[in-house]
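Reader: Before any detailed modelling, I should like to go through the domain layout and the backbone conformations. Could we proceed by question and answer?

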Number of protein chains: 2
Amino acid sequence: MGLLDRISPRAIVTSVLLLSTVAHDVLARPSPKVPWVRNKGSTQKKISDAVKRAINGQQRRNNSEPEPECALVLTTTTIAPKTNIWAPLSDVETAGVVEWLFAQADLNLTVSENATAWDNSIILVEALWPNKTDAIAYIDANATAPTKYAHVVLNNRATETPHYADIVVGPLPVDNTTATWEPLTYPYNKQSGGGTVRNLDADSDALYSEWIYVIGASVADITLDLWNGTAAGLDNDTLDIWGIDPLWQDDGRIIRWDAFWSLPTGDFDSETLLPLGLYFKSDVTGRDPSQWAFEGWLYNNTFYATTDDFRAAWSSDSFKKNGPNVDGEWAHTDQQGTVLPLDAAPPPVTVTPAGSRFAVDREQKYVEWMDFSFYIGFTRDTGMAFYDIRYKGERILYELGLQEALAHYAGNDPMQSGTAYLDTFYGFGPYAFELVPGYDCPTYAEYLNTSFYVEETTHTHVNSICLFEYVADYPIQRHTTNHYTSVTKNTYFTVRSVSTVGNYDYTFSYSFFLDGSIAVEVRASGYIQSAYYAGNEDYGFHIHDFLSGSMHDHVLNFKADFDILGTNNSVQLLSLVPVEKSYPWSGGKKRSTMTLERSYIESEDDGRFNWAPNSATQVIVVNEAEQNAFGENRGYRVLPYTGTSHLTVENSSNLNNAGRFAEFDVQITKQKDTEPRSAHAFNSQDTFDPPVDFTKFFDGESLRNEDVVLWLNLGMHHVPHSGDLPNTVMTTAHSGIQFMPSNYFSIDESRKTVNQVRITYDEGKTSDVATFGQGIATPCALNFTPAEPDLWGYTGDIVVRKFPFDPNNPFYQTDSIV
Amino acid sequence: MGLLDRISPRAIVTSVLLLSTVAHDVLARPSPKVPWVRNKGSTQKKISDAVKRAINGQQRRNNSEPEPECALVLTTTTIAPKTNIWAPLSDVETAGVVEWLFAQADLNLTVSENATAWDNSIILVEALWPNKTDAIAYIDANATAPTKYAHVVLNNRATETPHYADIVVGPLPVDNTTATWEPLTYPYNKQSGGGTVRNLDADSDALYSEWIYVIGASVADITLDLWNGTAAGLDNDTLDIWGIDPLWQDDGRIIRWDAFWSLPTGDFDSETLLPLGLYFKSDVTGRDPSQWAFEGWLYNNTFYATTDDFRAAWSSDSFKKNGPNVDGEWAHTDQQGTVLPLDAAPPPVTVTPAGSRFAVDREQKYVEWMDFSFYIGFTRDTGMAFYDIRYKGERILYELGLQEALAHYAGNDPMQSGTAYLDTFYGFGPYAFELVPGYDCPTYAEYLNTSFYVEETTHTHVNSICLFEYVADYPIQRHTTNHYTSVTKNTYFTVRSVSTVGNYDYTFSYSFFLDGSIAVEVRASGYIQSAYYAGNEDYGFHIHDFLSGSMHDHVLNFKADFDILGTNNSVQLLSLVPVEKSYPWSGGKKRSTMTLERSYIESEDDGRFNWAPNSATQVIVVNEAEQNAFGENRGYRVLPYTGTSHLTVENSSNLNNAGRFAEFDVQITKQKDTEPRSAHAFNSQDTFDPPVDFTKFFDGESLRNEDVVLWLNLGMHHVPHSGDLPNTVMTTAHSGIQFMPSNYFSIDESRKTVNQVRITYDEGKTSDVATFGQGIATPCALNFTPAEPDLWGYTGDIVVRKFPFDPNNPFYQTDSIV
C-alpha cells in the first residue's frame with residue numbers, strides 16, 4: 001500500500017506546497033524504444049482533486065454523477081482473510097530503507113539528485129516477495145506472516161566495473177540494531193558476480209554528449225543534405241539517434257549500432273515510423289570515451305569503414321540518396337476520413353444497473369468475484385500479478401503473472417537485426433499508465449492505483465488497474481429442443497492493466513468465468529518499430545514511402561504456478577491419435593479410427609515442448625491423489641485461446657542465454673524458491689551469462705506429484721502491413737491462453753448462476769419462463785451520458801518523496817518516466 | 001422471401017383458421033442424435049401476435065416498451081442496390097413448383113400426407129443458387145438477374161432401389177408451357193446415378209416397427225432385469241434404441257449397430273447422457289425386412305453372435321451386470337446449488353442509447369454496417385450464408401458460409417466408433433431455432449426470420465437470425481505517451497444464428513470490425529453424446545456413474561470465396577524462418593536471426609495443407625495485379641483466431657470418401673460453377689461414392705491469378721470431462737478464424753471512426769479532450785428493466801401450406817422438426 005492510501009486527506013489539503021526539486025532523468029537507462037523517455041523536461045504541479053480522490057481510495061466514477069436511481073447499493077468492499085504478503089512496501093517502510101541505506105558507509109551511496117556517472121545510487125526499493133514455502137504456511141495455516149524484507153537494486157558506478165547489485169535489506173521495518181543487507185543471489189543463477197551484473201549503460205550521459213552527438217555533428221553536412229536536419233544534441237535538431245538493444249557482447253567487446261530517425265513534427269509519438277536508413281557502429285567497451293572506437297557506417301546496404309569513406313561516397317555522383325520518411329497524417333492516430341453518418345451516433349455501451357457485483361479490499365488489493373478470490377501484486381519489472389487465486393475456497397494458482405516480454409526483430413540492417421527488446425529492462429510497472437474509462441475499460445469499472453520507486457520517490461499511477469464485470473455477446477450455455485430452450489448469460493470478470501513500454505501498448509487482461517475457467521490475454525496496439533526500406537523485402541512489407549514493416553516476434557512469458565488441491569501436482573498429457581484397430585465386434589476387420597493416449601511429464605528432461613500439431617494433445621495439471629468419484633484426476637487444463645507462439649529465431653545472436661524462456665510454448669519445472677522468475681531485468685546486460693538463464697531450471701528433477709510450475713509463452717509473429725499504420729489494431733494483434741477445469745468438479749459450475757432462463761413452449765405459445773429468482777423486476781431509468789465519461793481528470797504521476805521523507809507533500813511530476 | 005414477409009397483416013387477421021391437418025413426421029429420416037425428432041406428436045395453434053409481428057417485418061422489441069426517451073431515431077432501413085439473388089423462393093413460387101411437380105406423371109409423386117414407404121414424394125423445394133458467372137454479371141454490371149430455378153429433392157421410394165433425386169425445375173415462376181425438370185448433376189461429382197443417390201433410410205418406419213422394436217421386445221426379460229425397462233415400441237417404454245450414422249457400407253452390405261438408451265425422466269433433453277451399454281448388429285441390406293439379418297449382441301466388451309448366446313450368458317452366475325446411467329439433476333441445466341448473494345443482482349447489460357446504427361433491407365435480407373454491406377442467404381442444408389460481402393464498395397468475399405459439420409466419434413463400442421455425423425443430412429436450416437433475446441443475442445438486436453420446406457409446407461422460424469452492434473471490452477487501438485493518450489472504441493457488428501442439430505447447439509457468429517476485418521466463430525453447447533463406460537478409458541474420461549465423455553472431433557468446413565479487387569486472385573504464403581546469415585555489416589560473422597520467405601500456391605496440387613507449426617506461415621489472398629503504392633499485393637489474410645482443427649482420424653472407416661473436406665486445415669481450389677459446395681446432404685448414404693467427393697476438386701488447376709476459393713476448417717477436439725455435464729460450455733468450446741486486410745488499404749481504416757478520444761495532459765492536469773464530434777452530449781435516461789426481456793413471445797414454427805396452397809392460413813406447428 002502506498003502511503004497515499006493511508007495519510008488523511010486533511011494532511012494534504014492543509015499542506016500543499018510547490019516543491020522546487022530539480023527534475024532528473026529518473027531512470028538512467030537507454031531507452032531506444034521511447035524517445036520521450038529521454039526528454040529532460042519535467043514539471044511539478046500543485047496537488048489537485050485527483051490526488052485527493054486517490055488518497056481517499058475513491059475512483060473517478062464515484063466523484064462524478066450521482067448514482068443512477070435504480071442502482072442497488074451493493075456491498076463492494078470486503079476484508080481480505082489474510083494480509084496481502086505480496087503488497088508493495090508502505091511509504092514509511094520504503095523511506096526507512098532508503099534512510100538506512102544512505103547511512104551504510106560501505107555502500108558509498110549518493111542521492112540520485114547529486115549522483116554523477118561515478119557515484120553509486122539506489123535505483124529500486126521494493127518488497128521482496130516471500131518464498132512460497134513461507135507464504136503458504138501463512139495463507140494456508142496459522143503461521144505468522146513471513147518476515148518482510150526489501151529488494152533493493154543499487155547502480156554501482158563508482159568503479160571501473162560498473163554494475164547493478166541486487167541486495168536484500170531487512171527485516172522491515174528497518175531498525176538500526178537488527179537491519180542488515182546482503183547480496184541477493186538465491187533467486188538468480190548467474191555463474192559469477194555474487195548478485196551483481198555489469199551495467200553496460202553506466203555512461204549513458206557521456207554516450208550521448210561525448211560520442212553519439214559528436215558523431216552526429218561530424219556528418220551534419222551529410223544529414224543536412226539528405227534530410228535537411230541534424231542530430232548533434234542541439235535545440236534545433238530535427239533528427240534523433242538511438243540504437244540496438246541488447247548491445248553486441250561477443251569477443252569481450254561491447255559493440256553498438258545506432259540509427260538516425262526523424263523527430264516527429266506533429267503532436268504524435270510517431271518517431272518509430274520515421275527511420276532514415278543511416279547506421280553507425282561503435283565499440284564502446286570500457287568507461288573511457290576516449291578509448292571508444294568508431295567502426296563504420298552503413299547506408300543503402302553498403303558498409304563504409306570510416307567517415308571519410310562514407311563522405312567520399314556521398315560526394316560522388318553515383319551515390320544513391322534514398323528519400324526520408326516524413327511525419328504526417330498517415331502516422332497520426334486522430335480521426336481522419338469522412339465520418340459515416342451512423343457513426344456520429346453513440347455506439348452500444350455496457351452499463352451496470354445494479355452497481356458492482358464484486359468486492360474489493362482496496363487496502364490489501366484483495367478481490368472476490370462470485371466463487372473466485374485472489375490478491376494482486378505489482379512490481380516495477382513485471383507490473384501486475386495475481387497470487388493465491390482460489391475458486392470455491394480452494395487454491396487453483398499460487399501465482400500467475402508476466403515474467404518477461406521479448407520483441408525480437410530481424411532485418412538486413414544492423415538496427416533491426418540487432419534489436420531484441422527484453423522489456424522488463426524498461427519495466428512494465430513504470431509504464432502501466434492511467435486507464436481511460438469508457439475506452440480501456442468500461443466507464444463503470446473500479447480502479448486501483450499502482451506505485452513504483454524512482455530516485456528516492458514513489459510514483460503513483462492513479463487508476464492504472466481496472467476491475468469490471470462484463471457480459472459476453474454470446475451465452476455460456478444453451479440448448480434448444482422442440483419444447484424448451486435453456487440459455488445462460490456469460491457474465492465474466494476482468495482485471496486489466498495496460499503497459500506502454502515505449503512504442504507498444506500491451507493490454508493485459510485476466511478474465512474469470514462462471515464455469516471456473518480463467519483466460520489470460522494480451523492484445524497489442526501502439527506504434528510499430530519500423531525499418532528503413534532499402535532492399536529488405538525479405539524482412540517485412542513495404543508499407544510507406546521508404547518504410548518497411550519490420551518483421552518481429554513477440555514472446556511474452558507467463559508463470560502459472562498451479563496448486564491443484566495442494567502442491568503435489570503432475571502434468572498429464574492426453575493425445576488424440578489416429579489408429580487402425582480391430583475390436584471384438586468388428587468382425588476381424590481393422591477400423592481406421594482414433595484413440596486417446598494418456599501419459600505424464602515425468603521430469604524436467606521432458607519439460608519443454610510445443611503445442612502439438614493440430615492441437616492434438618491436451619496439457620492438464622492434475623493432482624494424482626485427488627480423483628473424482630470415477631477415478632479421473634481432478635485438474636485444470638491449459639488451452640491455447642487466441643493464439644500463442646514461441647520465438648522463430650534459434651539461438652539468437654542478440655539474446656544468447658538471455659531469452660531462453662522464449663524457445664518453447666510450454667515449459668514446466670519443479671517449483672523452487674530459488675527459481676521464482678524466468679528472467680531478470682538486467683539479462684540484457686550480460687547475454688552470455690545473464691542473471692537468470694532459464695535453461696538452467698531444467699536439471700532433470702521429477703515432475704510427478706511435485707509442486708509444478710508452468711511457464712507459458714503467449715505471443716505473435718508480427719509482420720506489420722499498411723494496416724499497422726498509424727497503430728497496430730487489437731482486433732488481430734492478440735494472444736491468449738485459458739485454464740479450464742478438467743474433471744475438477746462433478747458438473748459445470750455455471751449451473752449455479754440465476755442469470756439463466758428456461759423457456760417452455762408448446763402449441764405456438766410460451767407456457768413458462770423460469771428465471772430462477774434472478775434480478776429485480778422493477779424497471780428503472782439508467783442515467784446515461786452518450787458522449788464522454790469525465791476524461792478531464794486524466795493526470796500525471798503522483799510522487800511522494802522518500803529521502804528526505806516528505807509524505808505530506810505529494811506532487812505531480814510528468815517527467816520522463818510518466 | 002417467404003410469403004409471410006409479403007402478405008398483408010389484414011389478410012391474416014381476417015382469416016385465421018385452426019387447420020385440422022394431421023401432423024406427420026415431417027423429415028422421414030433417422031435421427032439418432034435427436035430423440036425428440038422422432039416424436040410423432042404434433043400440434044397446431046391459432047395464429048397469434050408473434051406471427052403478426054413477423055408478417056409486419058417487425059421484431060419483438062418493437063412491440064414492447066416505448067423507445068427510451070434519449071434514443072435517436074436512426075434510419076435503420078435501406079434499399080438493397082440489387083435484388084437478392086440468393087433469396088429463398090417466395091411462397092407463390094414454391095407453391096407453383098409443387099403444383100407443377102404433382103402434375104408431372106413421369107415423377108409419379110404422392111403428397112407427403114399420403115405417401116407410404118413405397119411412394120415417391122417431395123422432400124425439398126428451394127431456390128437453386130445462381131452460378132457465380134451469372135451472378136456477378138448481374139451484381140457487378142448491368143446484366144439482367146439470373147433466371148430463377150428451383151432445386152427440388154425427391155424421395156423416390158416407389159422402387160426396389162430407393163434413392164434421393166436432386167432435380168432442377170424452372171424457369172420460375174413455373175409456366176406449363178416452358179417449365180421443365182431435369183436431373184441436377186453439374187454441382188456434384190458422383191461417378192454414377194445421374195443426380196441421384198441411394199436412400200439407406202427408405203424403410204425407417206419398418207425399421208422400427210418390424211425390426212428394432214421387435215429385437216428390443218425379444219430381450220425385454222433382459223432389459224427389465226438390467227434396467228427395469230423395455231424398448232419395444234410400447235407407450236410405457238422407458239428405454240430407447242438408436243444407432244450409428246453413417247451405416248456401415250462395406251462389401252456391398254448395409255450394416256447397422258444400435259444401442260440402448262434410457263429415456264429422460266425429467267423435463268430435459270438428457271437422453272444422450274443415458275447410454276446403457278448394450279448394442280446389437282443388423283444387416284439391413286435391401287428393402288425386405290424379412291431378408292434382414294440379426295448379427296449379434298455386444299455387452300461389456302463381449303460379443304455374442306446370437307440372442308441365445310447373449311441370454312445364456314446373462315443367465316449365468318458369472319455375468320457381470322453393469323449399472324445404468326440414471327437421469328437426474330446432474331443432467332439438468334436449470335439453476336442448481338447455493339445462489340451467491342451478488343449473483344441475484346442484475347449483471348452488466350449492453351444497451352444502445354441511439355438505437356441501431358446499421359441498416360437492413362428486410363425484404364432483400366441486405367445489410368449495411370459502417371463500410372460493410374452484404375446479402376444473407378439461407379438454405380435447408382447449411383443455414384445462413386453471406387454473399388457479396390463488400391467493404392467500402394469493393395467485394396471482399398463473393399460467398400462465405402458453412403458447408404458441412406462433422407462430429408466424428410471413437411470408442412471401444414460400435415455405437416461410438418461407428419458415429420461420424422455429417423450434420424447437413426439433418427440440416428442446419430430446420431434447426432436454426434428462434435433466438436432468445438438478452439441471452440443468445442443482446443436484447444436490442446434486430447432479428448430476421450428464416451424458412452425451410454417440409455412436406456408441402458414452408459416452416460418459418462421467427463427471429464432466428466440476429467443482427468447487433470456490440471462493444472468489445474477492450475479498445476481497437478490505443479497509445480499512451482508522457483503527454484497524451486489516444487484510444488478508440490472497438491465497436492463491431494455481429495450476425496448470428498444458432499442451429500441445434502440434435503444434442504449440440506452450434507452458435508455461428510460472423511463479426512465485422514472497424515479495421516475491415518471479419519471473424520467467423522463457432523461456439524458449441526448443448527448435450528454431449530456420451531458413451532457407456534465399460535473399459536473404454538482409451539476413448540474418453542469417466543465422467544459419471546457408468547458414463548464416458550466420448551472423445552470426438554468437430555470439423556466444420558466453411559467456404560470463403562474471396563474476390564480481392566476482382567476474381568483474379570492468388571494465395572501468397574509468407575513464412576518466418578530461422579536463418580544463419582552474414583551481412584555487409586556483420587564483420588564476416590554469421591548471425592542467428594530470421595527472415596521472410598514469400599511464395600505462392602501455384603496449383604491445386606499444393607492446395608491442401610495445415611496451419612504451419614508455431615503459426616509461422618501467413619496465408620494471404622491477394623490480387624497480384626493490384627498492389628499498393630509500394631509494390632505489395634493488396635489482399636486479405638486468413639488467420640486462425642480462437643483455434644481450429646482438422647480430423648484426427650485418417651481414412652475413416654465410417655466416412656470413406658464422404659468427409660474428405662475434414663482432412664486439412666486449409667484447402668484451396670479454383671472456383672468452378674460445378675464445385676459450389678464441398679459436401680452434400682446425402683454423402684452419408686453412399687460413403688464410397690458420395691454425391692460430392694471433395695478430393696475430386698483437386699485436379700491440378702492453376703491457382704495463380706485465378707478465382708480462388710478457400711475451404712477452411714474450424715473445429716475442436718472434444719474429450720468431454722465432467723464440466724461438460726449437463727451441457728458443454730461456450731467459454732472453452734470454441735473455434736474461430738479471421739480475415740484481415742493485408743496491405744489492402746494505405747492505413748488502418750478504424751481511424752475513420754469518431755468514437756475515439758485523445759486526451760492531452762501535462763503538469764498534472766488534462767489540457768484537452770478531443771472527441772472528434774462524436775455522439776450527442778445530452779445525458780438521457782435509458783429505460784431499463786433489469787430482469788427479463790419479454791420472453792413470453794417465444795413460439796414454435798409458423799407454417800404455410802404449399803399444396804394445396806393456402807397462404808392466408810398460416811398456423812403454428814410444434815412438431816418433430818420444430
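Reader: Into which domains is chain A divided?
Author: The model is a predicted one. Two of the domains of chain A are written as paired segments: domain 1 covers 3–192 + 789–813, and domain 3 covers 380–431 + 502–752. The division is completed by 204–331, which is domain 2.

Reader: Which strand gives the most to the side of domain 2 of chain A that touches domain 3 of chain A?
Author: The C-alpha centres of these two domains of chain A lie 37 Å apart. Their contact takes 25 residues from domain 2 and 28 residues from domain 3 of chain A. On the domain 2 side, β8 (255–262) and β9 (275–283) of chain A each supply at least two residues. The most, four residues, comes from β9(A).

Reader: How many residues on that side of domain 2 of chain A are nonpolar?
Author: That side of domain 2, which touches domain 3 of chain A, has two charged and 10 polar residues. The nonpolar residues number 13.

Reader: What is the omega of the cis peptide bond between Asp245(A) and Pro246(A)?
Author: Pro246(A) sits in the loop between β7 (239–243) and β8 of chain A. Most peptide bonds are trans. The bond joining Asp245(A) to Pro246(A) is cis, with an omega of about 0 degrees.

Reader: Is Lys365(A) buried or exposed?
Author: Lys365(A) lies in the loop between β13 (358–361) and β14 (366–369) of chain A, and its phi is positive, near 45 degrees. A residue counts as buried if 20 or more other C-beta atoms lie within 10 Å of its own. Because Lys365(A) has 25 such atoms within 10 Å, Lys365(A) is buried.

Key:
Residues are numbered from 1 along each chain as its sequence is written. Chains are lettered from A and ligands numbered from 1 in the order in which they are written. This is a predicted model: local features need pLDDT of at least 70, side-chain atom pairs count only at pLDDT 80 or more; totals for chains, interfaces and linings use all residues. Domain bounds come from an automatic or database domain assignment. Two residues are in contact if their C-beta atoms, placed from the backbone, lie within 7 Å. Ala, Val, Leu, Ile, Met, Phe, Trp, Tyr, Cys and Pro count as nonpolar, Asp, Glu, Lys and Arg as charged, and the others, Gly among them, as polar. A residue is buried if 20 or more other C-beta atoms lie within 10 Å of its own, exposed if 12 or fewer, and partly exposed in between; C-beta atoms are placed from the backbone.
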